[in-house]
Amino acid sequence: MRDTLLIVLYAFFGAAAAGLLGAGALWLLRRRSLTASLAVVSAVAVTAMLAGTLAVAWAMFLSAHDLSVVTTVVAMAAVVSLATALLLGRWVVARSRALQLAARSFGDGGDFAAPDGPATAELAALSRELAATSARLSESRERERALETSRRELVAWISHDLRTPLAGLRAMSEALEDGVAADPDRYLKQIRTEVERLNDMVGDLFELSRIHAGALALSPSRISLYDLVGDALAGADPLARELGVRLVGDRVERLPVEVDGKEMSRVLGNLLVNAIRRTPADGTVAVAAERCTDGIVLSVTDGCGGIPEEDLPRVFDTGWRGTHARTPPAGAGLGLAIVRGIVEAHQGRAAVRNVTGGCRFEVTLPAAEV
């Protein structure tokens, strides 16, 4: 028993000494390449086994010949083991370098493509994570491109829409100043109309900037959707009468909702004004509100004739104004973008789809707790 304990102790201290030396070497090479770290780990494992075996052989007081044989056999096994470990380590390093080269595509604005061939579980997991990150980056790039395109279109359209009324205001003011206006009262009325239009445009821009900046502060309260729709219909009725459009709201249920009354009134107002202006005379704009599995759906259906399928995904984009983008009644193309921003701030969603003779805008809101 005592001899066995001594053998164990000799083997332990011999392997421990090699392990400590290897740990020191690994710490000194901690900033070097993976190849150096793998070489140290392999050398430590082989050297620890070699040191432990030789320590036991020397402790057994073998003859010089037997000790030489044991030393030779162990040394050859150590060389073969170390060479095998280094070869396997080079395969791991090669796979790591291939993964490194593939990851450079991130910086070049490309998509990540995992290198071919087998890999360790850790490297395979890293490849999957990089592929998922690449997909998210691609989506972010697409959103950034779309936002940049929307910003450029918005600047161009706002510049166009500002230039037209400003030129008209300047001409009318000069006519009034020079005393050549045939009907000053008509000029003053037109000036007021243009100023109100500019004021609405500035208000839309301010609202949209608050939405994009995340500074839209909501004050939700429990209100009846029936009353909300009724007020919106009353506010849009003068424009509908002027354009010869009939408003219908006989499918509105008395449902409670937790919303900011002022902001949601703006949503309904924007949807109604947009629908009325796109619906021809003698047409109908219908408003409905009903419960669904996802909450409450508030819809506005117009008679615009439908939206091209390729344009449907862009309807709520900032600055989108469809085929009548340059006509004054179309506005600055901010109304529907404001609708989406306010609805999403209420944890809802806005959508549009074509129906017979027109299109249907839907706002889905969470149902109020009973």
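**Exercise 1. The packing of helix 6 and helix 7**

Task: In this predicted model, determine how helix 6 and helix 7 are oriented to each other, roughly parallel or roughly antiparallel, and state which residues form their contact.

Solution.

Step 1. Locate the elements: helix 6 covers residues 225–243, and helix 7 covers residues 261–278.

Step 2. Take the geometry of the pair. The two helices pack at an angle of about 30°, and their axes lie 9 Å apart.

Step 3. Classify the angle. Angles under 35 degrees count as roughly parallel; helix 6 and helix 7 are therefore roughly parallel to each other. The handedness of their crossing is right-handed.

Step 4. List the contact. Helix 6 contributes Leu228, Val229, Ala232, Leu233, Ala236, Leu239, Ala240 and Leu243. From helix 7 come Gly261, Met264, Ser265, Leu268, Leu272, Val273, Ile276 and Arg277. Sorted by class, this contact holds 13 nonpolar, 2 polar and 1 charged residues.

**Exercise 2. The order of the sheet**

Task: Establish the strand order of the open sheet and identify which strands stand at its edges.

Solution.

Step 1. Read the order. The sheet is open, has 5 strands in the order 2-4-5-7-6, and shows mixed pairing.

Step 2. Find the edges. Strand 2 (246–252) and strand 6 each have a single partner strand, so one side of each lacks a neighbour in the sheet. On average, neighbouring strands are turned by 20° against each other when direction is ignored.

Step 3. Follow the pairing from strand 2. Strand 2 runs parallel to strand 4 (residues 284–292), to which 5 bridges join it. Within this pair, Arg246 is opposite Thr284, and Leu247 has Val285 as its bridge partner.

Step 4. Continue to strand 5. Strand 4 pairs with strand 5 in the antiparallel sense through 7 bridges; Arg291 faces Ile296 in strand 5. These two strands form a hairpin, with 2 residues between them.

**Exercise 3. The surroundings of strand 7**

Task: Describe which strands pair with strand 7 and decide whether its residues are buried or exposed.

Solution.

Step 1. Consider one neighbour. Strand 5 (residues 295–301) is antiparallel to strand 7 and is joined to it by 6 bridges. Leu298 has Val363 of strand 7 as its bridge partner.

Step 2. Consider the other neighbour. Strand 6 (residues 349–355) pairs with strand 7 over 7 bridges, again in the antiparallel sense. Here Val352 stands opposite Phe361.

Step 3. Examine the turn. Strand 6 and strand 7 form a hairpin with 2 residues between them, and Gly357 in this turn has a positive phi of about 85°.

Step 4. Assess burial. Strand 7 (residues 358–365) is mostly covered, with 8 of its 8 residues buried. For the protein chain, buried residues make up 31% of the 370 residues.

**Exercise 4. Helix 8 and its partners**

Task: Name the residues of helix 8 that are buried, and state which elements they pack against.

Solution.

Step 1. Identify the buried positions. In helix 8 (residues 335–345) they are Leu336, Ala337, Ile338, Val339, Gly341, Ile342 and Val343.

Step 2. Identify the partners. These buried residues pack against helix 5 (184–212), helix 7, strand 6 and strand 7.

Step 3. Inspect the residue that follows. Gln347, just after helix 8, adopts a positive phi of about 65°.

**Exercise 5. A loop glycine**

Task: Decide whether Gly214 is buried or exposed, and state how many residues separate it from Ala345 in sequence.

Solution.

Step 1. Place the residue. Gly214 belongs to the loop between helix 5 and strand 1 (221–224).

Step 2. Apply the cut-off. Exposed means over 50% relative accessible area; Gly214 has 65% relative accessibility and therefore counts as exposed.

Step 3. Compare sequence and space. Gly214 and Ala345 are separated by 131 residues in sequence, and their C-alpha atoms are 8.9 Å apart.

Step 4. Set this pair beside the chain totals. The protein chain has 8 helices and 7 strands. Of its contacts with a separation of 6 or more, 70% involve residues 24 or more positions apart.

Methods
Residues are numbered from 1 along each chain as its sequence is written. This is a predicted model: local features need pLDDT of at least 70, side-chain atom pairs count only at pLDDT 80 or more; totals for chains, interfaces and linings use all residues. Side-chain values use heavy atoms; hydrogens and water are left out. Buried means under 20% relative accessible area, exposed over 50%, partly exposed in between (1.4 Å probe, protein chains only). Helices (H or I, at least four residues) and strands (E, at least two) are DSSP runs, numbered from the N terminus. Two strands pair if DSSP finds at least two bridges between them. Axes are lines fitted to C-alpha atoms, for helices over the stretch in contact, and angles run from 0 to 180 degrees between N-to-C directions. Angles under 35 degrees count as roughly parallel, over 145 as roughly antiparallel, 65 to 115 as roughly perpendicular and the rest as oblique. A crossing is left-handed if the near helix is turned anticlockwise from the far one by less than a right angle, and right-handed if clockwise. Contact means heavy atoms within 4.5 Å. Ala, Val, Leu, Ile, Met, Phe, Trp, Tyr, Cys and Pro count as nonpolar, Asp, Glu, Lys and Arg as charged, and the others, Gly among them, as polar.
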